Each structure stands twice: as structure tokens, then as C-alpha cells.
Amino acid sequence: MHKEKDILSLSDLHHIPQPFLREGFLLGVEGLPSDTVVSNLETWQLNDKVYTAGLYTLPLYIYHLAKAHRAGKISLESLLPLWPLLATQLERLIELREDADSGLPFLIDYRESPLPKASYWEMLEAKDKVLEPAFIAIVMVALEAMLYLGEQLEKDTSTVLQASEMIAFGFNEALWEEEYGIYFPKEVGSDDFIVSNSIGGILPLLADLPTQEQAEAIYKALSLNFVHGQFGYFPSECVETGKEERIIDPLANYLLLDGLSRFEFTATGKALQ
């Protein structure tokens with residue numbers, strides 16, 4: 001039976017720094033960008049050795065800006081002064097965190113992850129560098145958003161295109177698990193998947209990463225393993241975990257809704273919405 005405490009409340013999202021998520025996700029996109037956002041972009045410190053809490057929020061914010069413009073909620077004039085900051089910081093994030101072998105960006109701490117409570121983090125040592133499918137998918141949609149915004153603003157996007165092609169080339173080869181029909185994380189330098197029950201293996205539907213065949217396999221895995229009651233949302237862990245109280249992460253469900261829409265799994269998407 002559904003209980004209110006099964007839902008991860010917005011106040012529980014304390015691991016996400018402001019203002020990226022607060023202004024770009026929880027409160028919608030109207031009024032963006034603010035002076036606070038510009039200041040945050042200018043001073044945001046990325047690091048390749050010390051974790052950056054909520055590292056994914058910068059690419060998530062970029063994704064929201066593109067959505068806002070497509071929806072007519074923000075003008076090109078408002079976006080123009082943000083372009084150099086967005087381009088510089090996103091490029092720096094990818095440069096600092098690029099795995100030389102796979103070309104994919106990695107995380108160094110669970111606090112950087114969009115799924116900080118995912119079960120696979122419990123299997124890792126603090127020093128491990130991790131290729132996490134959900135994080136990489138968010139970076140990918142940020143690059144797609146930059147390509148879109150760059151075209152609208154008539155900016156050079158050659159560096160952005162190169163980065164997106166690198167991720168697209170390496171992602172399926174490195175993280176797709178054919179037997180399970182979803183993506184699994186890996187430690188950098190390892191050939192072994194970190195097999196887990198997390199919904200993180202489903203979230204790459206968000207980006208232009210799975211083929212249509214892979215997307216259909218992911219959708220099947222979602223339908224078989226993550227359907228939870230009649231409430232139209234999905235728990236962060238597979239229902240087979242047997243946990244009496246599974247967390248329902250609003251961010252994961254929000255991103256999943258966009259992914260279902262992208263691949264035209266409209267019936268499930270409407271139920272989730």
C-alpha cells in the first residue's frame with residue numbers, strides 16, 4: 001500500500017547545490033537566467049581529485065535552458081550572455097573527468113551523482129572512479145542542448161559536437177549489458193559491470209544514446225522490474241529487491257518521463273506524467 005513516506009520529498013534533495021536545481025527543475029524555467037545563476041556559473045569550482053557535490057546539476061541546468069527556449073519561456077537575448085559561461089564550464093567538466101580509454105566522463109563520489117542513494121555506490125570504495133549511465137546521459141543531453149542553443153545563437157559548436165560524438169561512440173560499447181537489456185555502471189579501467197537493481201540503467205532513454213532496439217529492451221526491463229502499484233511512478237530500485245519502503249525519486253521520474261517521450265513510449269509516459 002502506498003505511503004507518503006515512500007516519496008522522497010523536495011526537502012530531501014539537500015545534496016543538490018543551488019541555484020541550478022532549484023531554479024531549473026523544482027521551480028520551472030520561467031525567469032531564467034537570474035543574476036544568481038550567472039554568479040554561480042562564474043564561481044563554480046570543478047575538480048578532478050576532490051568531489052563536487054551535485055556535479056550533474058550544471059548539465060541538467062543547460063538541458064533545462066534548451067527546453068525553456070523551445071517552449072517559448074526564455075528569449076535568445078537572455079541566453080546570449082550565458083553562452084560563454086555554459087560552454088566553458090561544460091567543456092571543463094568533460095575535460096577534467098574524461099576517461100582516456102572510453103572517452104566517457106566519470107564520477108569520483110556518490111555525492112556527485114544524480115542517484116546518490118543507488119545501491120551500486122555501496123559496492124564501491126571511496127577512491128573509485130565510476131562510469132555511471134545516468135550521469136553520462138545527463139551530460140549527453142546537455143551537449144545536445146548546447147548544439148541546439150549554439151545553432152540558435154549562431155555560435156561555433158565544433159567542440160561540443162566532438163564531445164557528443166565521443167560519448168555516443170563509447171557509451172554503448174562500455175556500458176550496455178545485452179543479457180539484462182539495460183546499462184550498468186563500471187569502475188574506470190575495469191571490464192566488469194557493477195550489477196545493481198538501480199533505475200540508473202534505465203535513465204539513458206533520456207539521451208540520444210540507445211538504438212531503437214536497445215530502447216525497446218530497456219522499456220521491457222522497466223515494465224517488468226520497476227512498475228510499482230497504480231500510482232504511475234517508478235521506484236529507484238527494482239521491485240524484486242524486496243524493500244518494504246522503496247524511494248521514489250522525483251528527479252529520476254522526471255528524467256524518465258522525458259526519456260519515455262523521446263522514444264515514443266507514450267502510454268507509460270502519460271501514466272507517469
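**View 1. The salt bridge between K67 and D258.** In this predicted model, K67 forms a salt bridge with D258, and the closest nitrogen and oxygen atoms of the two residues are 2.9 Å apart. The partners belong to distant parts of the chain, since K67 sits in helix α3 (residues 57-70) and D258 in helix α9 (residues 250-262), with their positions 191 residues apart in the numbering. K67 has a relative accessibility of 28% and therefore counts as partly exposed, whereas D258, at 17%, counts as buried because the limit for that class is under 20%. A search of the whole structure finds 4 salt bridges, and two others appear in the next views.

**View 2. The salt bridge between R262 and E144.** R262 forms a salt bridge with E144, with 2.9 Å between the closest N and O atoms. This pair, too, links distant parts of the chain, for R262 belongs to helix α9 and E144 to helix α6 (residues 133-153), and the two are 118 residues apart. With a relative accessibility of 37%, R262 counts as partly exposed.

**View 3. The salt bridge between R111 and D109.** Here R111 is paired with D109 in a salt bridge whose closest N and O atoms lie 2.8 Å apart. How exposed or buried is each partner, R111 and D109? R111 counts as partly exposed at 30% relative accessibility, while D109 counts as buried at 12%.

**View 4. Helix α3 and the residue that follows.** The 14 residues of α3 should span 20 Å at 1.5 Å a residue, and the end C-alpha atoms of the helix are indeed 20 Å apart, so the expected and computed values agree. Of these 14 residues 12 are buried, which means that α3 is largely enclosed by the rest of the structure. Among the buried residues of α3 are L58, L60, Y61, I62, L65 and A66, together with the histidines H64 and H69. Just after the helix, G72 takes a positive phi of about 75°.

**View 5. Helix α9 and its buried residues.** Helix α9 has 13 residues and reaches 19 Å from its first C-alpha to its last, which is close to the 18 Å expected at 1.5 Å a residue. The buried residues of α9 include L251, A252, L255, L256, L257 and L260, and N253, D258 and G259 are buried as well. D258 is thus both a buried residue of α9 and the partner of K67 in the salt bridge of the opening view.

**View 6. Two residues with a positive phi, E154 and E264.** Most residues other than glycine have a negative phi. E154, although it is not a glycine, has a positive phi of about 60°, and this residue is found in the loop between α6 and α7. At 74% relative accessibility, E154 counts as exposed. E264 likewise is not a glycine and has a positive phi of about 60°, and its place is in the loop between α9 and α10 (266-272). E264 is exposed, with a relative accessible area of 64%.

**View 7. The largest pocket and its lining.** The largest pocket has a volume of about 350 Å³. Its lining is made by 18 residues, and those nearest the centre of the pocket are E91, I94, T159, V160 and A163. Helices α5 (83-96), α6 and α7 (158-175) are the elements that give two or more residues to this lining. Which of the elements gives the most to the lining of the largest pocket? That element is α5, with 7 residues. By residue type, the lining divides into 9 nonpolar, 5 polar and 4 charged residues.

**View 8. The largest nonpolar core.** The largest nonpolar core has 75 residues, among which I202 and L205 have the most contacts inside it. The elements that give two or more residues to this core are helices α3, α5, α6, α7, α8 (212-225) and α9, along with strands β1 (130-131) and β3 (182-183). The largest share of the core, 15 residues, comes from α6.

Definitions and conventions: Residues numbered from 1 in each chain as written. Predicted model: local features only at pLDDT ≥ 70, side-chain atom pairs only at ≥ 80, totals over all residues. Heavy atoms only, no water. Salt bridge = Lys/Arg side-chain N within 4 Å of Asp/Glu carboxyl O. Helix = DSSP H or I, 4+ residues; strand = E, 2+ residues; numbered from the N terminus. Buried < 20%, exposed > 50% of the residue type's maximum accessible area, 1.4 Å probe, protein only. 1 Å grid on protein atoms, 1.4 Å probe; cavity = no way out; pocket = protein on both sides within 12 Å on 5 of 7 lines; lining within 4 Å. Points joined across faces, edges and corners; volume = space filled by probe spheres on them. Nonpolar A, V, L, I, M, F, W, Y, C, P; charged D, E, K, R; others polar. Expected span 1.5 Å × (residues − 1). Core = buried A, V, L, I, M, F, W, Y, C linked by side-chain atoms within 4.5 Å.
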